[in-house]
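Visitor: I'd like to learn how to read a ligand site. Can you walk me through one, step by step?

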Amino acid sequence: MNPFEYNANPGRVVFGPGSIQKLPAEIQRLGLKSPLLLSTPQQVSQAEALADILGGASIKPAGTYTNATMHTPSQITEEAMEYLQQNAADCVVSIGGGSTIGLGKAISIRTGLPHICIPTTYAGSEMTPILGETQDGRKTTRSDPKILPGTVIYDVELTMTLPPALSATSGVNAIAHAVESLYASNTNPVIRMFALEGTGALAKSLPVIVNSPSDKDARTQAQYGAWLCGVTLGSSAMALHHKLCHTLGGSFNLPHAETHTIVLPHALSFNAPAIPNQMADLATTLPESDGDAIHGLNVLLGKLKVKRALKDFGMKEEDIDKATDIAMSAQYPNPRKLEKEKIRELIRRCWAGEPAK
Ligand code: NAD
């Protein structure tokens with residue numbers, strides 16, 4: 001075993017069906033009384049349900065801001081900050097996926113307010129001290145322990161409405177975190193354990209969810225897997241795959257989870273020659289892999305019936321060169337050296353939807 005350093009991220013997790021009912025107790029435990037609730041426009045009803053639960057415990061939210069947007073655009077954060085100034089709050093509660101949690105992080109790091117997260121997708125942002133923000137079409141990412149939310153409440157009931165297609169891609173987004181943590185420059189045996197357990201839980205449960213979205217056992221397994229994969233994202237340095245997804249998502253406004261799903265097999269296939277042990281480990285977690293992680297991933301994506309081409313999400317062929325240039329700039333540490341022509345071909349295959357080999 002190689003020497004390593006391991007930093008456990010602080011953070012409290014409350015896991016289980018119906019655990020959203022424990023939000024008032026969490027707020028009281030922290031000595032707080034006036035939360036600002038955050039959601040996207042699509043999840044206003046879940047934010048309203050939260051306000052009702054709080055009302056039942058005589059906690060009156062300072063307000064509800066419902067305009068959270070993917071990739072945390074700076075103008076939305078400014079708008080939310082203005083709303084906060086008019087509605088004094090002593091903490092933020094984000095209910096939603098990575099978009100809403102991103103806004104919660106952006107407000108929390110600007111104001112120092114405690115942040116309680118109630119995740120409803122599998123993206124994993126709640127487990128990370130990372131914040132990606134977009135300004136003028138460029139996404140920049142920063143990491144700071146103060147960005148990590150203090151409490152995370154995982155309630156499977158809130159994920160039951162996540163549409164099957166988004167459940168599938170969001171789950172693959174989580175797997176992507178675990179995959180890259182296996183070969184991260186600062187990986188370690190503890191993270192490997194989280195990564196393999198998380199990937200296995202998701203690889204088994206996601207195909208069940210796609211066919212039976214109301215299967216609560218499968219949903220619980222997926223949420224558990226997403227939590228573990230989120231830990232890997234928050235504790236290790238991400239590589240080529242995440243760099244490509246940030247580039248493509250932020251610069252061409254491509255949907256986050258779907259982009260991860262398309263890019264993952266290609267990024268993994270590029271890195272495969274440099275990471276034989278990690279490929280073998282990963283294959284053990286993917287059903288029907290026959291010992292080949294790329295094959296196992298392709299089988300999984302086939303079962304999930306996901307789209308495989310970035311052009312299906314509006315990326316133009318002429319964007320391939322620009323995406324290549326951005327991907328080659330400010331590179332993340334990666335197990336295999338990046339060569340411009342190979343990265344261009346990788347992005348072209350993602351754009352065209354050609355399978356990874
Ligand atoms: P999202 O939060 O944008 O959600 C996608 C859509 O699904 C939204 O309309 C949302 O309201 C809806 N939705 C979410 N949960 C639902 C549910 N249970 N039922 C019905 N609808 C639901 O998607 P995401 O993939 O979770 O997050 C993507 C964003 O998060 C990106 O901006 C990405 O960069 C960021 N992210 C950040 C980190 C990090 O560590 N900083 C990690 C992962 C993702």
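**Reading the ligand site**

Guide: Sure, and keep in mind that this is a predicted model. Start with a polar contact: T40 has a polar side-chain atom 2.5 Å from an oxygen atom of the ligand.

Visitor: Which ligand atom pairs with the side chain of T120, and at what distance?

Guide: A nitrogen atom, with 2.7 Å between it and an N or O atom of the T120 side chain. H256 also places a polar side-chain atom 3.4 Å from a ligand oxygen. As for cover, the ligand on its own has 860 Å² of accessible area, and the protein covers 88% of that.

Visitor: How many residues surround the ligand, and what are they like?

Guide: There are 23, with T40, S99, T121, T128 and K139 the closest. By class, the shell holds 14 polar, seven nonpolar and two charged residues. Helix 4 (residues 98-111) contributes the most, giving three residues.

Visitor: And where does the ligand sit?

Guide: In the largest pocket. Domain 1 (12-159) and domain 2 (164-352) each give residues to the shell, so the ligand lies between them.

Notes:
Residues are numbered from 1 along each chain as its sequence is written. This is a predicted model: local features need pLDDT of at least 70, side-chain atom pairs count only at pLDDT 80 or more; totals for chains, interfaces and linings use all residues. Side-chain values use heavy atoms; hydrogens and water are left out. A residue is near a molecule or strand if one of its heavy atoms lies within 4 Å of it. A polar contact is a pair of N or O atoms within 3.5 Å; within protein, one must be able to donate a hydrogen and the other to accept it, and residues adjacent in sequence count only if both atoms are side-chain atoms. Accessible areas come from the Shrake-Rupley method with a 1.4 Å probe; for residues, only the protein chains shown count as cover. On a 1 Å grid over the protein atoms alone, a cavity is a set of points where a 1.4 Å probe fits but cannot get out, and a pocket is an open set with protein on both sides within 12 Å along at least five of seven lines; lining residues have an atom within 4 Å of a point. A molecule sits in a cavity or pocket if more than half of its atoms lie within 2 Å of its grid points. Helices (H or I, at least four residues) and strands (E, at least two) are DSSP runs, numbered from the N terminus. Ala, Val, Leu, Ile, Met, Phe, Trp, Tyr, Cys and Pro count as nonpolar, Asp, Glu, Lys and Arg as charged, and the others, Gly among them, as polar. Domain bounds come from an automatic or database domain assignment.
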